[in-house]
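Please open the model in your viewer and keep the sequence panel beside it, since this tour moves from one selection to the next.

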Amino acid sequence: MEELICNCPPPEQVRVHMPGDADIAALAEFFRMIGADTRLKILLALDKSELCAGALAKTLNMTPSAVSNQLKALKAARLVTVRREGKMLYYALADCHPREIIHLAMSHVQEDVE
């Protein structure tokens, strides 16, 4: 059987530009964190405003304990930060990266399909 010849670069040339396994695992974990519906909803709400857990729970029609558990995971993943004001804790997106990734992904899913 004759092998088809393509113009693709050799596998070694492609592999040299790929990230290592540890970076790929970290990236997969990042997408797993933002890929869960509840966590994504929290990130989208925090994209609009810094909020306390109670306000997030009301906004998302969730229990405060459910929101709190998800905020703990998002904080551990360095996707949100927390600021204390007296007894209140306010949550915000950690930096511009989650916001940019979510906005880019949203534009992709909302683009017209021909």
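## Charged pairs, then the whole chain

Begin by selecting Glu85, which is partly exposed, with a relative accessible area of 45%; bear in mind throughout that this is a predicted model. Add Arg83 to the selection, and you will find that the two form a salt bridge in which the closest N and O atoms are 2.8 Å apart. Arg83 is likewise listed as partly exposed, its relative accessible area being 33%.

Now leave that pair and select Asp47, Lys48 and Arg99, which salt bridges with shared partners join into one network. Which of these residues is buried, with a relative accessible area of 14%? That residue is Asp47, whereas Lys48 is exposed at 67% and Arg99 is partly exposed at 31%. If you display distances, the salt bridge between Lys48 and Asp47 has its closest N and O atoms 3.7 Å apart, while the one between Arg99 and Asp47 spans 2.5 Å from N to O. This latter pair links distant parts of the chain, for Arg99 belongs to helix H6 (residues 96-110) and Asp47 to helix H3, with their positions 52 residues apart in the count along the sequence. In total, the structure holds 5 salt bridges.

Next, stay with helix H3 (residues 37-48) and select Arg39, which lies within it. How far away is the nearest side chain of opposite charge? It belongs to Glu29 and is 6.9 Å away, and Arg39, although buried, has no salt bridge; a salt bridge would need a nitrogen-to-oxygen distance within 4 Å. What the side chain of Arg39 does reach is the backbone oxygen of Arg32, at 3.5 Å. Show the surroundings of Arg39 as sticks and, leaving aside residues up to four places away in sequence, you will see that it touches Arg32, Met33, Gln70 and Leu74.

Finally, clear the selection and display the whole chain as a cartoon, in which 6 helices and 3 strands appear, arranged along the sequence as α-α-α-β-α-α-β-β-α. The radius of gyration is 20 Å, well over the 13 Å that the globule rule gives for 114 residues, so the chain is more spread out than a compact globule. Along its principal axes, the C-alpha trace spans about 70 × 35 × 25 Å. Colouring by accessibility brings out the buried residues, which make up 22% of the 114 in the chain, and a surface view shows an accessible area of about 8800 Å², 58% of it belonging to carbon and sulfur atoms.

Note on methods: Residues are numbered from 1 along each chain as its sequence is written. This is a predicted model: local features need pLDDT of at least 70, side-chain atom pairs count only at pLDDT 80 or more; totals for chains, interfaces and linings use all residues. Side-chain values use heavy atoms; hydrogens and water are left out. Helices (H or I, at least four residues) and strands (E, at least two) are DSSP runs, numbered from the N terminus. Buried means under 20% relative accessible area, exposed over 50%, partly exposed in between (1.4 Å probe, protein chains only). Lys and Arg count as positive and Asp and Glu as negative; His and the chain ends are not counted. A polar contact is a pair of N or O atoms within 3.5 Å; within protein, one must be able to donate a hydrogen and the other to accept it, and residues adjacent in sequence count only if both atoms are side-chain atoms. Contact means heavy atoms within 4.5 Å. The radius of gyration is taken over C-alpha atoms; the globule rule is 2.2 Å times the number of residues to the power 0.38. Accessible areas come from the Shrake-Rupley method with a 1.4 Å probe; for residues, only the protein chains shown count as cover.
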